[in-house]
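Work through the exercises below with the sequence and the coordinates open. Try each task before you read its solution.

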Amino acid sequence: MAISLTFLGYALFKVDYGKLLEIDINYTTLSWSILASVMFRFLMTAIWLRSILNIQESITTFPKAINIYATSWVARYIPGGIFSHLGRVIMGKEQGITAKNSIQASIIETIMQVFSISFICALLLHFSPALIPRTQELKLISIAICSLAIIGLTPTAMHVVNNALSRLGVQVNEYEQPARIKFLAPQMGLYIAASLLANLAFLIFSLSIVGEASYNTISMILIANMAVSIASIMIILIPAGIGIREVGLVFFLMPILGTELAVAISLASRVWTIICDILFLLIAKAVTNAKVLNQ
């Protein structure tokens, strides 16, 4: 963390703030990126609910699921990503979702998110072989992460998870249903679709700052976002990946965009993310309140 912040401080020191202020933001494009990003959050809610309903019969409806997911999503800011999953456990109990099933759904989500991002990254690196140095190594790392994710979804791996949960005092039964191919294959496809939507939203956001961009620039923006997204998912104790995400974006984008644009995208992306999270939460609360009033 100290090294990351040092690097970010170095980048900020090198910035020509006069050029930074001259950057012209396309607010129409920015608005489209916010819409796409909020849609991604709703899609993630639907996929998470599908996991829950596959594990157990639940009275949870989509409006209630939106409230649980949006509230817990924002909880990753205080004090870290692990509280997002903990929030779903606590709020899910009110809807009849057991702690075991909430935890298992979170495990499935984490593994499949990492898989889908790595899968897209590997494909992008395959079609951009001359984009950056050590592309082959990065491609192999992405494939390795995909393979580990698939192994993590096997019944044997889930049996190990169940044993660990039992030792923590969470009552569990043998994990069977979510490990079935008829569930995992479509679910993985949905997470790949969600990852594509998330990366499209970030690309549109970046283009609202950069303007026109070449294929290599677009590819680098996507790879940078996917790399920092995996880091944010894996490092669950840092609030919403703050610091790590910004440093990662600057590190990947500086060589191709220059210091000013890299820093602008890095810092503005945090504001953009917070705005999207707040909008998602407000819409979720509005949907939930409307459902209560109709009842």
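Helix axes here are lines fitted to C-alpha atoms over the stretch in contact, and angles run from 0 to 180 degrees between N-to-C directions. The model is predicted.

**Exercise 1. Overall make-up**

Task: State how many helices and strands the protein has, and what share of its residues is buried.

Solution.
- Step 1. The protein has 12 helices and 0 strands.
- Step 2. From the N terminus on, the elements therefore read α-α-α-α-α-α-α-α-α-α-α-α.
- Step 3. Of the 295 residues, 50% count as buried.
- Step 4. Now take contacts between residues at least 6 apart in sequence. Of these, 77% join residues at least 24 apart.

**Exercise 2. The pair α3 and α6**

Task: Classify the packing of α3 against α6, and list the residues that make the contact.

Solution.
- Step 1. Helix α3 spans residues 27-55 and helix α6 spans residues 99-126. They pack at an angle of about 130 degrees, with axes 9 Å apart.
- Step 2. Angles over 145 degrees count as roughly antiparallel, and 65 to 115 as roughly perpendicular. The angle of about 130 degrees fits neither range, so α3 and α6 are oblique to each other.
- Step 3. The crossing of α3 and α6 is right-handed.
- Step 4. From α3, the contact uses Met-44, Trp-48, Ser-51, Ile-52 and Ile-55. From α6, it uses Asn-101, Ser-102, Gln-104, Ala-105, Ile-108, Glu-109 and Gln-113.
- Step 5. Sorted by class, the contact of α3 with α6 holds 6 nonpolar, 5 polar and 1 charged residues.

**Exercise 3. Asn-101**

Task: Decide whether Asn-101 is buried or exposed.

Solution.
- Step 1. Asn-101 lies in helix α6. Asn-101 is one of the residues that make the contact with α3.
- Step 2. The cut-off for buried is under 20% relative accessible area.
- Step 3. Asn-101 has 3% relative accessibility, so Asn-101 is buried.
- Step 4. Asn-54 sits 47 residues from Asn-101 in sequence. Their C-alpha atoms are 9.8 Å apart.

**Exercise 4. The pair α3 and α4**

Task: Describe how α3 packs on α4, and give the classes of the contact residues.

Solution.
- Step 1. Helix α4 covers residues 62-74. α3 and α4 pack at about 115 degrees, and their axes are 9 Å apart.
- Step 2. The crossing of α3 and α4 is right-handed.
- Step 3. α3 brings Phe-40, Arg-41, Phe-42, Met-44, Thr-45, Ala-46, Trp-48 and Leu-49. They meet Phe-62, Ala-65, Ile-66, Ile-68, Tyr-69 and Trp-73 in α4.
- Step 4. The contact of α3 with α4 has 12 nonpolar, 1 polar and 1 charged residues.

**Exercise 5. The nonpolar core**

Task: Name the residues of the largest nonpolar core that touch the most other members, and the helix that gives the most residues.

Solution.
- Step 1. The largest nonpolar core has 66 residues. Trp-48, Phe-202, Phe-205, Met-226, Leu-253, Ile-265 and Trp-272 touch the most other members.
- Step 2. Two or more residues of this core come from each of α3, α4, α6, α9 (181-210), α10 (215-234), α11 (244-257) and α12 (259-294).
- Step 3. α9 gives the most, with 13 residues.
- Step 4. Look at Trp-272. Leaving out residues up to four places away in sequence, Trp-272 touches Leu-30, Ser-33, Ile-34, Ser-37, Ala-201, Phe-202 and Phe-205.

**Exercise 6. The pair α10 and α11**

Task: Work out the relative direction of α10 and α11, then place Gly-248 and Leu-249 in the picture.

Solution.
- Step 1. α10 and α11 pack at about 160 degrees, with axes 9 Å apart.
- Step 2. The cut-off is over 145 degrees, so α10 is roughly antiparallel to α11.
- Step 3. The crossing of α10 and α11 is right-handed.
- Step 4. Contact residues of α10 include Ala-224, Asn-225 and Val-228. Those of α11 include Gly-248, Leu-249 and Leu-253.
- Step 5. By class, the contact of α10 with α11 divides into 12 nonpolar, 6 polar and 1 charged.
- Step 6. Gly-248, in helix α11, is buried at 12% relative accessible area. Its C-alpha atom is 5.7 Å from that of Val-228, 20 residues apart along the chain.
- Step 7. Leu-249, also found in α11, is buried with a relative accessible area of 0%. Residues up to four places away aside, Leu-249 touches Phe-202, Ala-224, Asn-225, Val-228, Ser-266 and Ser-269.

How values were computed. Residues are numbered from 1 along each chain as its sequence is written. This is a predicted model: local features need pLDDT of at least 70, side-chain atom pairs count only at pLDDT 80 or more; totals for chains, interfaces and linings use all residues. Side-chain values use heavy atoms; hydrogens and water are left out. Helices (H or I, at least four residues) and strands (E, at least two) are DSSP runs, numbered from the N terminus. Angles under 35 degrees count as roughly parallel, over 145 as roughly antiparallel, 65 to 115 as roughly perpendicular and the rest as oblique. A crossing is left-handed if the near helix is turned anticlockwise from the far one by less than a right angle, and right-handed if clockwise. Contact means heavy atoms within 4.5 Å. Ala, Val, Leu, Ile, Met, Phe, Trp, Tyr, Cys and Pro count as nonpolar, Asp, Glu, Lys and Arg as charged, and the others, Gly among them, as polar. A nonpolar core is a set of buried Ala, Val, Leu, Ile, Met, Phe, Trp, Tyr and Cys residues joined through side-chain atoms within 4.5 Å. Buried means under 20% relative accessible area, exposed over 50%, partly exposed in between (1.4 Å probe, protein chains only).
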